[in-house]
Amino acid sequence: MERRNFVKSVGLITAAAYISPMVLGNDQVTVKASGIEGTPSAEFPKLPYAYNALEPYIDARTMEIHYDKHHRAYYTNFMNAIKGTPLEGMTMAAVFASVSKQPDAVRNNGGGYYNHLFFWNNLITGSAGPSPEFSSAITKAFGSVDKLKEAFNTAAKTRFGSGWAWLYLNTEQNLAVGSTPNQDNPLMDSSLVKGTPLLTLDVWEHAYYLKYQNKRADYIDAFWNVVNWEEVNKRYQQALKG
Ligand SMILES: [Fe+2]
């Protein structure tokens, strides 16, 4: 979202009476295939936890605006962009595989819808960390889990402007880190970073500015406290199977 629209959204929230963090349905909601692995959800997907679930690392107010304003807008605009076109009914992966041939509205809003859904589901509190098997794979690829974090942090910090950092399985089936601009992701045929996404971090200012202001590095450091390693492990196993 453009900066002026972000500021406008923040202004609207500030002007309104603050809504207390609310629990959205069942805290134990799990990721459904629809939306990430499959076709877009028929309805805007629920956040799999309460707005305040990731405090103090990601604050409730940011989560509320991020999910209910930004993500919802991408979802709505994407569904409108594909309505009545051959893209309707296609999986997100299939849409992204030829997105360079589609209008910018499909690329930007489809990426915004998918990336945020992916992001919510790779966050949780109390994760036990990478499984022994996954740790071994990480160590083989990067030297250690800490080295992976260093490489990922560098990708996140050096992404100029808005975008996303990724841990992904590249087309040679190797673990890799990188970043994409705007709402692009590694599934897009137009992306320089290509492969199967495993873990992502939103580094748009709207993801952290209310709590961290210009200190993107602090937000990136805090992110590691709420990574859902079980979900990343699961995606890694699925990606290896192709
Ligand atoms: Fe975002």
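Which pattern does the chain follow when it is read along the sequence? In this predicted model, the chain follows the pattern α-α-α-α-α-α-α-β-β-β-α-α-α.

**View 1. The whole chain, with its 10 helices and three strands.** Of the 242 residues of the chain, 48% count as buried. Among the contacts between residues at least 6 apart in sequence, 71% join residues that are at least 24 apart.

**View 2. The iron ion and its protein donors.** The iron ion is held in view with His66, His116 and His206, each contributing NE2, and with Asp202, contributing OD, and these donors lie 1.9 to 2.1 Å from the ion. The angles among the four donor atoms run from 88 to 133 degrees, and the site is tetrahedral. Along the sequence, the donor residues are spaced H-x49-H-x85-D-x3-H.

**View 3. Two of the iron donors, Asp202 and His206.** Aspartate 202 has a relative accessibility of 0% and therefore counts as buried, and histidine 206, with a relative accessible area of 6%, is buried as well.

**View 4. The crossing of helix α6 and helix α10.** Helix α6, which spans residues 132-142, and helix α10, which spans residues 229-240, have axes that come within 10 Å and cross at roughly 70 degrees. Because of that angle, α6 is roughly perpendicular to α10. On the side of α6 the contact is made by Glu133, Phe134, Ala137 and Ile138, while α10 contributes Trp229, Val232, Asn233, Tyr236 and Gln237. The residues of this contact of α6 with α10 divide into six nonpolar, two polar and one charged.

Key: Residues are numbered from 1 along each chain as its sequence is written. This is a predicted model: local features need pLDDT of at least 70, side-chain atom pairs count only at pLDDT 80 or more; totals for chains, interfaces and linings use all residues. Side-chain values use heavy atoms; hydrogens and water are left out. Axes are lines fitted to C-alpha atoms, for helices over the stretch in contact, and angles run from 0 to 180 degrees between N-to-C directions. Helices (H or I, at least four residues) and strands (E, at least two) are DSSP runs, numbered from the N terminus. Angles under 35 degrees count as roughly parallel, over 145 as roughly antiparallel, 65 to 115 as roughly perpendicular and the rest as oblique. Contact means heavy atoms within 4.5 Å. Ala, Val, Leu, Ile, Met, Phe, Trp, Tyr, Cys and Pro count as nonpolar, Asp, Glu, Lys and Arg as charged, and the others, Gly among them, as polar. Donors are N, O and S atoms within 2.8 Å of the metal (3.2 Å for Na, K and Ca); water is not among the atoms, so sites may look incomplete. Four donors count as tetrahedral if all angles lie between 85 and 135 degrees; four count as square planar and six as octahedral if opposite donors are over 155 degrees apart and all others between 65 and 115; anything else is irregular. Buried means under 20% relative accessible area, exposed over 50%, partly exposed in between (1.4 Å probe, protein chains only).
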